[in-house]
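Let's take a walk through this model together, one feature at a time. Keep the 3D view open and turn it as you read.

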Amino acid sequence: MSKASDTETDLALAREALEYHFGGAPKIGLILGSGLSELVDFFEEAKEASYRELPGFMPSTVEGHKGALVRGKLEGVPVVAMAGRNHLYEGHSAAAVVFPLRALIHWGIDSVVITNAAGGISSNLAEGDLMLISDHLNLTGRNPLVGENVDSLGPRFPDMSYAYDPELREKAKEIGTNGGFDLKEGVYASNLGPSYETPAEVEMLDRMGADAVGMSTVLEVIAARHAGARVLGLSCITNLAAGKSKNVLSHDDVKEVANRVKGRMQHLVREFVKAI
Ligand code: HPA
């Protein structure tokens with residue numbers, strides 16, 4: 001038998017800690033981005049562990065990101081949520097950014113709902129819209145799979161054709177239609193951040209086919225697909241991207257809009273976990 005890689009050893013430790021804190025894994029994971037962490041307040045039978053208590057999980061340095069893992073039931077369905085995530089712009093490596101999600105997959109989740117706050121580029125999108133992610137542009141210049149491949153996790157060259165699961169997207173669209181709220185769909189581009197884009201960069205992204213832009217999600221999606229987990233991606237359009245409106249951008253405004261829209265996002269996620 002070949003020797004376990006460092007990643008495999010670290011994942012085994014994280015899994016042990018998850019089992020110690022929470023017991024067995026649910027099937028569904030949620031990554032809650034800026035201003036969306038409060039969904040965990042609706043969990044029944046909630047059990048929480050701070051990222052500080054879990055090996056390989058790092059405390060969040062971003063305001064609006066809680067930094068805890070919460071296991072519970074949402075609409076009676078067992079789920080586990082990452083309330084807050086880590087970003088490249090905090091100085092973490094791509095592998096460190098995706099470690100918590102990999103640990104959850106190693107523990108046993110097989111589907112993940114990944115949410116984020118994003119700036120709207122497409123003229124179809126307005127502040128406060130929810131956008132189902134259909135595909136992405138990874139413009140971070142990083143990839144969490146760089147380095148020796150961990151064959152027990154997934155293949156060296158994973159396919160990304162259906163990174164955002166078509167079946168899960170259909171379910172989300174049905175819920176959007178039945179719930180009477182207008183769910184948009186589009187391509188999410190991720191930059192490294194932490195500065196917001198210049199208007200010229202937004203113009204470039206527009207021509208490249210991006211509908212929305214943010215600073216997260218794409219590395220997590222790559223790691224999830226590598227490990228065979230299914231992904232649903234949802235962006236909360238907290239602002240129009242730079243140059244698309246006269247407003248200047250601030251994280252406070254992003255949090256404020258995310259807070260205003262969270263009811264609809266929460267409704268969508270609750271109905272979604274019931275449906276899958
Ligand atoms: N750009 C990048 N990231 C973001 C934005 C944006 O306009 N809004 C929220 N996150």
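Helix H6 has a kink of about 50°, centred on Val261. Keep in mind as you look at the kink that this is a predicted model. H6 covers residues 251-275, and the residue at the centre of the kink, Val261, is one of the buried residues of the helix. Others on that list are Val254, Val257, Ala258, Met265, Leu268, Val269, Phe272 and Val273. You may be surprised to find charged or polar names there too, but Lys255, Lys262 and Gln266 are also buried residues of H6.

Two of these buried residues lead to other parts of the structure. Val254 is among the residues that surround the ligand, and Met265 is in contact with Thr115. Let's follow each in turn.

Start with the ligand. Which residues surround it? Besides Val254, they are Ala117, Ala118, Gly119, Tyr196, Glu197, Val213, Gly214, Met215, Thr238, Asn239 and Leu249. Three of these residues have polar atoms to look at beside nitrogen of the ligand. In Glu197, a polar side-chain atom lies 2.8 Å from a ligand nitrogen atom. Asn239 also uses its side chain, with an N or O atom 2.7 Å from a nitrogen atom of the ligand. Gly119 takes part through its backbone, where an N or O atom is 3.4 Å from a ligand nitrogen atom. How much of the ligand does the protein bury? On its own the ligand exposes 260 Å², and the protein buries 95% of that area.

Now go to Thr115, the residue that Met265 of H6 touches. Thr115 sits in strand E5, which spans residues 111-120. Is Thr115 buried or exposed? Its relative accessibility is 1%, so it counts as buried, the cut-off being under 20%. Its side chain reaches the backbone oxygen of Ile31 at 2.7 Å. Setting aside neighbours within four places in sequence, Thr115 is in contact with Ile31, Leu32, Gly33, Leu36, Arg85, Thr217, Leu234 and Met265.

Next come the charged pairs. How many salt bridges does a search of the whole structure find? The search gives 19, and three of them are worth a visit here. One brings you back to H6, where the side chain of Arg270 meets that of Glu75 at 2.8 Å, N to O. This pair links distant parts of the chain, since Glu75 is in the loop between strand E3 (68-74) and strand E4 (77-83), 195 residues apart from Arg270. Arg270 is partly exposed, with 23% relative accessibility, and Glu75 is partly exposed as well, at 30%.

Another salt bridge joins Lys244 and Asp206, again at 2.8 Å, N to O. Lys244 lies in the loop between strand E9 (230-240) and H6, while Asp206 is in helix H4 (residues 199-208), and 38 residues separate the two. Lys244 has a relative accessible area of 31% and is partly exposed; Asp206, with 30%, is partly exposed too. Some salt bridges also share partners, and in this way Glu75, Arg270, Glu271 and Lys274 are joined into one network.

The third pair is Arg169 and Glu185, whose closest N and O atoms are 3.0 Å apart. Arg169 belongs to helix H3 (residues 166-178) and Glu185 to strand E7 (residues 183-190), so their salt bridge ties together parts 16 residues apart in sequence. Here the partners fall into separate classes: Arg169 is buried, with a relative accessible area of 17%, whereas Glu185 is partly exposed, at 34%.

Finally, take a look at the backbone. Glu75, which you met in the salt bridge with Arg270, has a positive phi near 55° although it is a residue other than glycine. Glu45 is another non-glycine residue with a positive phi, in this case about 50°. Glu45 is found in strand E2 (residues 44-50) and is exposed, with a relative accessible area of 62%. Where would you look for a cis peptide bond? Go to the step from Gly193 to Pro194, where omega is near 0°. Pro194 has its place in the loop between E7 and H4.

How values were computed. Residues numbered from 1 in each chain as written. Predicted model: local features only at pLDDT ≥ 70, side-chain atom pairs only at ≥ 80, totals over all residues. Heavy atoms only, no water. Salt bridge = Lys/Arg side-chain N within 4 Å of Asp/Glu carboxyl O. Helix = DSSP H or I, 4+ residues; strand = E, 2+ residues; numbered from the N terminus. Buried < 20%, exposed > 50% of the residue type's maximum accessible area, 1.4 Å probe, protein only. Bend = angle between axes of the 7 residues up to and from the residue. Near = heavy atom within 4 Å. Polar contact = N/O pair within 3.5 Å; in protein donor to acceptor, adjacent residues only side chain to side chain. Areas by Shrake-Rupley, 256 points an atom, 1.4 Å probe, with all protein chains shown as cover. Contact = heavy atoms within 4.5 Å.
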